[in-house]
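Visitor: Please take me slowly through one part of this model, and then show me how the rest of it is arranged around that part. I am in my first year, so please explain each term as you use it.

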Number of protein chains: 2
Amino acid sequence: MSARYERVALIGLGLIASSMAWAMRRGGLAGEITGYARSAETRDIAREIGLCDRVCDSAAEAVAGADLVVLCVPVGAMGAVAEEIAPALAPGATVSDVGSVKKAVIEAVAPHIPEGVHFVPAHPLAGTEYSGPRAGFAELFDNRWCLVVPAEGSDEAAVSRLEGFWEGLGANVERMDADHHDLVLAVTSHTPHLIAYTMVGVADDLRRVTDSEVIKYSAAGFRDFTRIAASDPTMWRDVFMTNKEATLEILGRFTEELFALQRAIRLGDGAHLHEYFTRTRAIRRGIIEAGQDTAAPDFGRGPKR
Amino acid sequence: MSARYERVALIGLGLIASSMAWAMRRGGLAGEITGYARSAETRDIAREIGLCDRVCDSAAEAVAGADLVVLCVPVGAMGAVAEEIAPALAPGATVSDVGSVKKAVIEAVAPHIPEGVHFVPAHPLAGTEYSGPRAGFAELFDNRWCLVVPAEGSDEAAVSRLEGFWEGLGANVERMDADHHDLVLAVTSHTPHLIAYTMVGVADDLRRVTDSEVIKYSAAGFRDFTRIAASDPTMWRDVFMTNKEATLEILGRFTEELFALQRAIRLGDGAHLHEYFTRTRAIRRGIIEAGQDTAAPDFGRGPKR
Ligand SMILES: NC(=O)c1ccc[n+]([C@@H]2O[C@H](COP(=O)([O-])OP(=O)(O)OC[C@H]3O[C@@H](n4cnc5c(N)ncnc54)[C@H](OP(=O)(O)O)[C@@H]3O)[C@@H](O)[C@H]2O)c1
Ligand SMILES: NC(=O)c1ccc[n+]([C@@H]2O[C@H](COP(=O)([O-])OP(=O)(O)OC[C@H]3O[C@@H](n4cnc5c(N)ncnc54)[C@H](OP(=O)(O)O)[C@@H]3O)[C@@H](O)[C@H]2O)c1
């Protein structure tokens, strides 16, 4: 069942917040939408495109009287924002967030949440490489997962209401604990992003293979890495700074495996390579069967506005 | 200007050969298309779907009387195939190939080419993660690059005729020398593929993050790696076995950069990460400006049959 709130305050007005605003409108999930962003420029754009019913000039003003407050800022900014809005939060309100890391956000935000306010962290697994208030579109969360990560002692009614809200935004909802969330995301998102950034950086550094050639012939595989590596630098810096432990663990395993393959190449051990490459095909089949991608060439990214 | 041949023989009938066959028909580039594949199964499928005018039961039979012979087998099989067909080649014929590595193919094939036959290696930069005779489609090469890598002392008329043929198949043609080709491809294709295979292998190995979770939440970035890593194991084994030097060189640089980023994560050096992630954005913009991808979500892969 999709759930409605009387007043939803979005703090931060980038890709995720603007997609939430359009999806809330589509689903009739909010009586009023208020919004706040750090810069006057972003607030002006939000007003111009009619993103919220009211764009406020302070976070405190935006959250006043809201029964749902969603923090949509980079993970590293969550603590400071929570501290700033705390005195203005209405009793009985729910505070949530959309951060890509959960343990660090809970540690930073929870201490600022006043008695009588519910804190229910969440993370929609949906995004594009674009950012800012103009990047959002109502369909972003359709058929994507939203992981809800209740903090210890969360109020069950508040948690299920938020789950209903995300279902109303189009997402499939699952609960998970924070540690497990951060490990799963280190494997499925954070480490792949770091690796893509690295490969693009290597290409950029090479002087013998000129930039223009790398770009010209990118369709041979490299192009898919550049798309991943085009995402917002601040968001990703914060992800790696706050999901350090799990990312370093997965990176350690990655390096181990890469060295084994590198050794096989050096020694001419074709059987090892062939066996390895055969094994990875099964994962791909599993993803198509699970409906998380199609055999069609659009990478399952869905429509853009 | 697109060029025509009287009889084109395709040796190997997989993704690339079958795409060439459909594209030759579309462009009227061949008087007759003959074909041969190693297994009776593939030859039967080719007959069933009408891929060639004649599917032959030996490579020698397929190349007899052909004025263009294109070797479309894995890189590691090129030498043996060349040796097999050599006695049956018509004087004045052109032998070409589509292998993803060029130096090793030239070393393996050139010694078998008889006096009076022209050898003009080439490499179309187009593919999908599918393989076999049913995987091809006429549009595969449209607006993609085809690199032509003339061997030393190649006949200029034979080279430009082959270039015209590839233009007729839809491709943009460029000439390049073999060493440079292998380095450029190590950066834009071979190393990215190895890295994608490695990341998928790591995910497959992790028991704490169950398979089903990795698959379920793959849309967060990992999915793009699995697509790359679903390509044919034999083809990629051969690529790494034969483009060893350039791949190991680029891998060395990759590891260096990865360690620097890993260190920045461990030390909490956010400025380093932010600077690095900002730099890689420019490459992405360059690729979109160069028309090698669009901002649209289809990864520029073009239509499939
Ligand atoms: N993009 C994705 O793929 C994705 C997916 C799932 C979750 N997330 C998470 O969603 C959150 C927002 O990401 P996004 O993609 O929407 O980012 P975005 O488009 O870059 O927008 C970020 C917003 O946060 C504001 N902001 C930035 N730094 C701030 C600070 N120090 N204090 C106050 N406000 C600040 C920005 O304000 P100005 O515009 O005024 O600078 C902007 O409105 C992040 O926590 C991210 O981890 C992102
Ligand atoms: N796929 C790509 O993305 C791509 C892009 C550009 C260039 N290339 C190059 O194109 C060539 C063909 O690739 P593809 O994707 O078309 O491969 P594919 O779909 O797997 O087809 C390979 C063909 O070669 C035959 N073959 C395999 N091993 C052989 C051997 N030892 N002796 C004789 N024939 C053999 C196979 O016969 P059976 O079916 O009977 O086994 C099959 O007909 C490779 O050199 C590859 O590097 C590939």
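Guide: Let us start with B:Thr128, which is buried, at a relative accessible area of 16%, where buried means under 20%, exposed means over 50% and partly exposed lies in between, all with a 1.4 Å probe and protein chains only. The model that we are looking at is predicted, so that local features need pLDDT of at least 70 and side-chain atom pairs count only at pLDDT 80 or more, while totals for chains, interfaces and linings use all residues, and side-chain values use heavy atoms, with hydrogens and water left out. Residues are numbered from 1 along each chain as its sequence is written, chains are lettered from A, and ligands are numbered from 1 in the order in which they are written.

B:Thr128 sits in the loop between E7 and strand E8 (145-148) of chain B; helices (H or I, at least four residues) and strands (E, at least two) are DSSP runs, numbered from the N terminus. A polar atom of the side chain of B:Thr128 is 3.0 Å from the backbone nitrogen of B:Tyr130. This is a polar contact, a pair of N or O atoms within 3.5 Å; within protein, one must be able to donate a hydrogen and the other to accept it, and residues adjacent in sequence count only if both atoms are side-chain atoms.

The loop between E7 and E8 of chain B also holds B:Asn143, which counts as exposed at 59% relative accessibility. Its phi is near 65°, a positive value in a residue other than glycine. In chain A, A:Asn143 is found in the loop between E7 and strand E8 (145-148); here too phi is near 65°, and A:Asn143 is exposed, with a relative accessible area of 57%.

From the loop we can turn to ligand 2, which is surrounded by 27 residues, the closest being B:Arg38, B:Ser39, B:Thr42, B:Val73 and B:Ser100, where a residue is near if one of its heavy atoms lies within 4 Å. By class, this shell around ligand 2 divides into 14 nonpolar, 11 polar and two charged residues; Ala, Val, Leu, Ile, Met, Phe, Trp, Tyr, Cys and Pro count as nonpolar, Asp, Glu, Lys and Arg as charged, and the others, Gly among them, as polar. An oxygen atom of ligand 2 is 2.8 Å from a polar backbone atom of B:Leu13, and a backbone N or O atom of B:Val73 lies 2.6 Å from an oxygen atom of ligand 2. On its own, ligand 2 has 900 Å² of accessible area, and the protein covers 84% of that, with areas taken from the Shrake-Rupley method with a 1.4 Å probe; for residues, only the protein chains shown count as cover. The elements that give two or more residues to the shell around ligand 2 are helix H1 (15-27) and strand E7 (122-124) of chain B.

Ligand 1 has 27 residues around it, and the closest are A:Arg38, A:Ser39, A:Thr42, A:Val73 and A:Ser100. A polar side-chain atom of A:Ser39 lies 2.7 Å from an oxygen atom of ligand 1.

Finally, chain B is superposed on chain A by a rotation of 180° with 0.0 Å of shift along its axis (RMSD 0.0 Å), the fit being by least squares on the C-alpha atoms of residues with pLDDT of at least 70 in both.
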